[in-house]
Structure formats: C-alpha cells, structure tokens
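Please open the model in your viewer, with the sequence panel beside it, and follow the stops below in order. At each one there is something to select, followed by an account of what is found there.

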Amino acid sequence: MSDSQPPLSRLDLNLLVSLDALLTERSVTRAAERLHLSQPALSASLARLRTHFNDPILARSGNTYELTPLASRLTEHTAAALDAARRVFESSAEWDPSQSTRDFAIYGSDYSVATTGRRVAALAAERAPGVRFRFMMHNPQIVEDAVNRLRSADALLMPHGFLTDLPFTDLWADRWVVLASETNDAIADEVTLENVAGLPWVFTYQSRSAFTSATRQIQQLGIEPRVEAVVESFLLLPMFVAGTDKLALIQASLADYARSVGGVRVFEPPFDATPIHNAMWWHPVHRRDPEHEWLRGLFVEASAGLGETT
C-alpha cells in the first residue's frame with residue numbers, strides 16, 4: 001500500500017454507509033432520516049468524508065445540493081463496495097438454504113433469464129423460499145468490465161467466446177434457428193443463402209465487442225447482412241419480424257416462444273451454425289463459498305433439458 005494512502009484500520013467503515021446515503025439522497029436531512037440518525041451526526045460524517053476526499057461531496061446550488069464530479073464518480077463504486085461488505089458479513093461457516101434470506105445478483109440477457117433464470121427462481125421458491133434473485137440485463141460495457149462487475153455480483157450468464165480468465169460453470173448447449181414472417185413470400189420451405197444475402201435483418205447486437213456467433217459466421221461466408229434494426233433483446237425479435245420481410249436469428253430454446261407470439265415461422269439456417277455453449281461466469285472469490293456452490297448447482301440442475309426444442 002502506498003504511504004500516501006491511509007490504511008483501512010484508520011477509517012470507520014460506517015462512513016461507507018453514510019456516503020452511500022448522502023450520494024443517493026443528495027441531502028443531509030433526507031440521508032439522516034434514511035439512516036435513522038440525527039442531522040448533526042450525519043453532518044459530522046459528511047465533514048469527515050470531505051476531509052478524507054478533500055472534496056465537498058455535496059455542493060450547494062440554490063436551495064438544493066448537487067454532487068461534485070468526484071462524488072458522481074464515487075456513486076457506483078460506493079454501492080458496489082457496500083454490497084460486497086454486506087456479503088462478507090452475511091457469510092457463515094454453515095449455510096442452510098431453507099433458512100437463508102440471501103440475495104443473489106445475476107447478470108444475463110433476456111434469453112438466459114427467460115430460460116434457465118426462470119427455472120432457477122422456481123426451484124429456489126420450493127427449496128429456499130427466503131432466497132431472492134435479482135436478474136439484471138447485461139450490456140457490452142458490463143461484459144467488457146466483467147472482472148470488476150463480478151466483484152459485487154454473483155454471476156454473469158454468457159456463452160463461451162466472450163470472456164476469458166474467469167472461472168465458469170457450463171450450463172446448457174443450444175443452437176441457432178432463423179425467424180421469418182408467415183407473410184414473407186420470398187421464403188418457401190427453407191431459408192437459402194440467397195435469402196440471407198438479399199433480405200433485410202434484425203440483429204440483437206452489432207458492434208466490435210457485442211455480436212452473436214451466427215451473425216459473425218454469415219460475414220465469414222462473405223455475406224454482409226443488410227441490417228435494418230438492432231434490438232438488444234432476443235424476446236422482442238418475433239415482433240420485429242412478423243409482418244415484414246426481415247429475418248432474425250434466435251436460439252432454439254426460444255423457438256416455441258417465438259411461435260406463440262404469432263406471425264412467424266422457424267427455419268434451420270442454411271449454413272452449419274456454431275452451437276451455443278452457455279455458461280455461468282463468476283469471480284474466483286466465490287470458489288469455496290458454500291452459498292455460491294449451491295447457486296451453481298441450482299443453475300446446472302435448472303439448465304438440464306434446455307436447448308432441445310426444435
């Protein structure tokens with residue numbers, strides 16, 4: 001540790017709670033009410049925080065307060081640090097799922113949450129009724145910063161091919177199918193490479209760091225798809241395809257869902273699409289955590305049988 005940085009032993013970690021309330025409420029009065037403290041007590045905490053950071057934290061603007069630039073940067077870090085601290089003190093040598101009130105935070109796409117996430121929640125409701133799950137949609141920024149994000153979250157549901165240097169638990173394999181509208185006269189009994197090249201597309205992701213393996217394969221075939229819409233949701237794809245001449249790629253696990261939305265047909269792709277190998281990625285700190293081991297086992301059990309829909 002640098003000599004210029006005070007050791008944690010010199011800091012009152014209760015200040016972290018006060019800082020989180022002040023950053024959230026942007027008011028000493030409201031933050032004190034939230035923490036059930038007196039206003040002078042929280043004002044004293046604010047003074048200590050200002051001294052530590054050498055920054056006002058809250059700057060008066062008329063009759064209100066605004067966060068300083070430093071305080072704005074601290075907002076996300078403070079919430080993550082507070083959540084991590086809670087996890088430390090909620091840990092125990094023996095853990096009984098049926099008696100637990102633990103909250104698990106999981107990043108994933110709407111595809112992974114609608115498939116295995118839904119099953120996990122159902123299993124947990126039977127075996128650990130006090131356990132809660134917070135499923136959060138990932139985005140390219142979260143995936144690129146996965147190592148840091150997983151310090152305060154329990155897992156990230158992602159196929160292989162995007163993350164490295166993190167422990168993972170394999171879940172289920174899936175495959176790609178093509179969605180086309182029932183009214184699309186350009187397609188008869190099957191989708192052809194000519195259709196792939198000539199018809200417009202709806203993509204779920206389209207950037208250097210966010211893509212699907214099948215769309216990348218199309219480009220490797222020498223075809224540049226004509227993308228007319230990008231929607232970062234697999235569950236919305238049938239609505240963007242129905243009644244249009246657009247095509248979309250969706251996981252086979254969602255094929256029945258797509259048909260239930262109506263107005264679409266499901267086809268095999270006209271190329272050998274790379275299978276999807278879904279996994280749960282997590283931070284090494286959870287390797288011997290009995291609660292996290294239970295979580296990983298629950299996801300493996302919930303994923304059994306997924307990906308077999310045709």
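Begin by selecting Val241, which is buried because its relative accessible area is 0%, under the 20% limit for that class. In this predicted model, Val241 belongs to helix α10. Show next the residues around it: leaving out those up to four places away in sequence, Val241 touches Leu179, Ala180, Ser181, Lys246, Leu247, Ala248 and Val264. If you draw a distance from the C-alpha of Val241 to that of Ala180, the viewer should give 6.2 Å, although the two residues are 61 apart in sequence.

**The cavity**

Keep Ala248 selected, since this contact of Val241 is also one of the residues that line the largest cavity. How many cavities of 30 Å³ or more does the structure hold? There is one cavity of that volume or more, and the largest cavity contains about 60 Å³ of space. To display its lining, select Trp176, Val202, Phe203, Thr204, Tyr205, Thr212, Thr215, Phe234, Leu237, Ala248 and Leu249. Two elements each contribute two or more residues to this lining, namely β8 (200-203) and β10 (247-251). Colouring the lining by class will show eight nonpolar residues and three polar ones, with no charged residue.

**From the lining to an aromatic pair**

Among the lining residues, centre the view on Phe234, and then add Tyr111. The structure holds eight aromatic pairs, and Tyr111 and Phe234 form one that is edge-to-face, with 6.0 Å from centre to centre and 65° between the planes. This pair links distant parts of the chain, for Tyr111 lies in helix α5 (residues 110-127) and Phe234 in the loop between β9 (226-230) and α10 (237-241), 123 residues apart. Are these two residues buried or exposed? Both Tyr111 and Phe234 are buried.

For another group of rings, select Phe104, Phe133, Phe135 and Trp294, which ring pairs link into a cluster.

**Along helix α5**

Return to helix α5 and pick out Thr115, which is placed in that helix. Thr115 has a relative accessibility of 4% and therefore counts as buried, the limit being under 20%. With its neighbours within four places in sequence set aside, Thr115 is in contact with Trp172, Ser253, Leu254 and Leu306.

**The loop between α3 and β1**

Now move to Asp55, which is found in the loop between α3 (39-53) and β1 (58-61). Asp55 is a charged residue by class, yet it is buried, with a relative accessible area of 16%. What does the side chain of Asp55 reach at 2.9 Å? It reaches the backbone nitrogen of Ile57. A polar contact of 2.6 Å also joins the side chain of Asp55 to that of Thr68, and the C-alpha atoms of these two residues, 13 residues apart along the chain, are separated by 7.9 Å. Residues up to four places away in sequence aside, Asp55 touches Arg50, Thr68 and Leu70.

Select Ile57 as well, which lies in the loop between α3 and β1. Ile57 is buried, with a relative accessible area of 0%, and it has a positive phi of about 70° although it is not a glycine.

**Two loop residues on either side of α2**

Go next to His36, in the loop between α2 and α3, which has a positive phi of about 60° although it is not a glycine. His36 is exposed because its relative accessible area is 75%, over the 50% that this class requires.

Then select Ser27, placed in the loop between α1 (14-25) and α2 (28-35). Ser27 counts as buried, at 11% relative accessibility, and apart from residues up to four places away in sequence it touches Leu22 and Leu58.

**The whole chain**

Finally, zoom out and colour by secondary structure, which comes to twelve helices and twelve strands. Of the 310 residues of the protein, 45% count as buried. Among contacts between residues at least 6 apart in sequence, 75% join residues at least 24 apart, and the contact of Val241 with Ala180, where this tour began, joins residues 61 apart in sequence.

Note on methods: Residues are numbered from 1 along each chain as its sequence is written. This is a predicted model: local features need pLDDT of at least 70, side-chain atom pairs count only at pLDDT 80 or more; totals for chains, interfaces and linings use all residues. Side-chain values use heavy atoms; hydrogens and water are left out. On a 1 Å grid over the protein atoms alone, a cavity is a set of points where a 1.4 Å probe fits but cannot get out, and a pocket is an open set with protein on both sides within 12 Å along at least five of seven lines; lining residues have an atom within 4 Å of a point. Grid points are joined across faces, edges and corners, and a volume is the space filled by probe spheres set on the points. Helices (H or I, at least four residues) and strands (E, at least two) are DSSP runs, numbered from the N terminus. Buried means under 20% relative accessible area, exposed over 50%, partly exposed in between (1.4 Å probe, protein chains only). Contact means heavy atoms within 4.5 Å. A polar contact is a pair of N or O atoms within 3.5 Å; within protein, one must be able to donate a hydrogen and the other to accept it, and residues adjacent in sequence count only if both atoms are side-chain atoms. Rings of Phe, Tyr and Trp (its six-membered ring) pair if their centres lie within 6.5 Å; planes under 30 degrees apart count as stacked, over 60 as edge-to-face and the rest as tilted.
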